[in-house]
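Student: Could you take one part of this structure and examine it closely, then place it within the whole? A single connected account would serve me best.

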Amino acid sequence: MEITLLWILCAALIVAGLAGTVLPVLPGTVLVWGGIVLGAWIDDFQRVGTATLVVVTVLAALAWVLDYVAGLLGARKAGASRQALLGAAIGTVVGLFMGVVGVLFMPLVGAALGEYLAQKDQTRAVRVGVATWLGIMLGLLAKVVLAFVMVGLFVAALLI
């Protein structure tokens, strides 16, 4: 019975983590990683060994870094000001209280508003906002893909 509950917890962590790759309230890849480590531990690291755990850990770290760096890279590529970066950060926090639409679009609004306040150039503000948003969306996509790769490696290690 105890083993079954641990496997249920393992699955719950992985599912919550996959949801968290899209919902910024949850630490997605950390939860997926935790579920995988728990699953490996439950199985005494027999099928999911050190090599798999090292690869999964590297992928989790990469996903975490991409999540934070992608939006900044998009903003920097468009020549964003400090105010635009601050606006994107504030927009992200405000977006958390507005549901999925807010999470997806408030960073764009925040970056554009911050850039407009800094430069008083509407065209530049829109360009910076869109570039920041595209960077965030590419980072999100990469994080989701990496989380599914992590789960795939875990399942493959369990089945092989």
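**A residue of helix 1 and what surrounds it**

Tutor: I14 lies in helix 1. The model is a predicted one, and every value below is to be read in that light. I14 counts as buried because its relative accessibility is 8%, and the cut-off for burial is under 20%. Which residues does I14 touch, once those up to four places away in sequence are set aside? They are L31, V32, G35, I36, V151 and F154.

L31, V32, G35 and I36 lead directly to helix 2, where they are among the buried residues. Helix 2 runs over residues 28–42 and has 15 residues. From its first C-alpha to its last, helix 2 reaches 21 Å, close to the 21 Å expected at 1.5 Å a residue. The full set of buried residues in helix 2 is G28, T29, L31, V32, G35, I36, L38, G39, A40 and I42. What covers these residues includes helix 1 (2–20), helix 3 (50–77) and helix 6 (122–159). The contacts of I14 with L31, V32, G35 and I36 thus illustrate, at the level of one residue, the cover that helix 1 gives to helix 2.

Beyond the end of helix 2 the backbone deserves attention. Helix 2 is followed by D44, whose phi is positive, near 55 degrees. F45 has a positive phi as well, near 60 degrees, in a residue other than glycine. Most residues other than glycine have a negative phi. F45 is placed in the loop between helix 2 and helix 3, and F45 is partly exposed, with a relative accessible area of 39%.

Helix 3 follows that loop, and A75 is found in helix 3. A75 counts as buried because its relative accessibility is 1%. Leaving aside neighbours within four places in sequence, A75 is in contact with A80, L85, A131 and T132. Although helix 3 helps to cover helix 2, A75 and G28 stand well separated in this model: their C-alpha atoms are 23 Å apart, with their positions 47 residues apart along the chain. Helix 6 can be followed in a similar way through M137. M137 is buried, with a relative accessible area of 18%, a value that still falls under the 20% cut-off. M137 and V69 are 68 residues apart in sequence, and their C-alpha atoms are 11 Å apart in space.

Where does I14 stand with respect to A111? The two are 97 residues apart in sequence and 32 Å apart in space, C-alpha to C-alpha. Helix 5 spans residues 99–119, and E115 lies in that helix. E115 counts as buried because its relative accessibility is 0%. Apart from neighbours within four places in sequence, E115 is in contact with G79, A80, S81, A84, K120, R124, A125 and V128. A80 is thus a contact of E115 and also of A75.

K120, one of the contacts of E115, belongs to the loop between helix 5 and helix 6. Whereas E115 is buried, K120 is exposed, with a relative accessible area of 56%. K120 is not a glycine, yet its phi is positive, at about 55 degrees.

Helix 5 and helix 6 also share an aromatic pair. The count for the protein comes to one such pair. F105 and W133 form this pair, which is stacked, with 5.6 Å from centre to centre and 15 degrees between the planes. The pair links distant parts of the chain, with F105 in helix 5 and W133 in helix 6, 28 residues apart. F105 is partly exposed, with a relative accessible area of 40%.

These details belong to a protein with six helices and zero strands, which reads as α-α-α-α-α-α along the sequence. The C-alpha trace spans about 65 × 30 × 20 Å along its principal axes. Buried residues make up 41% of the 160 residues. Among contacts between residues at least 6 apart in sequence, 67% join residues at least 24 apart. The protein exposes about 9000 Å², of which carbon and sulfur atoms supply 76%. Its charged side chains number 8 positive and 6 negative, and the centres of the two sets lie 19 Å apart.

Definitions and conventions:
Residues are numbered from 1 along each chain as its sequence is written. This is a predicted model: local features need pLDDT of at least 70, side-chain atom pairs count only at pLDDT 80 or more; totals for chains, interfaces and linings use all residues. Side-chain values use heavy atoms; hydrogens and water are left out. Helices (H or I, at least four residues) and strands (E, at least two) are DSSP runs, numbered from the N terminus. The expected span of a helix is 1.5 Å times one less than its number of residues. Buried means under 20% relative accessible area, exposed over 50%, partly exposed in between (1.4 Å probe, protein chains only). Contact means heavy atoms within 4.5 Å. Accessible areas come from the Shrake-Rupley method with a 1.4 Å probe; for residues, only the protein chains shown count as cover. Lys and Arg count as positive and Asp and Glu as negative; His and the chain ends are not counted. The place of a charge is taken as NZ of Lys, CZ of Arg, CG of Asp or CD of Glu. Rings of Phe, Tyr and Trp (its six-membered ring) pair if their centres lie within 6.5 Å; planes under 30 degrees apart count as stacked, over 60 as edge-to-face and the rest as tilted.
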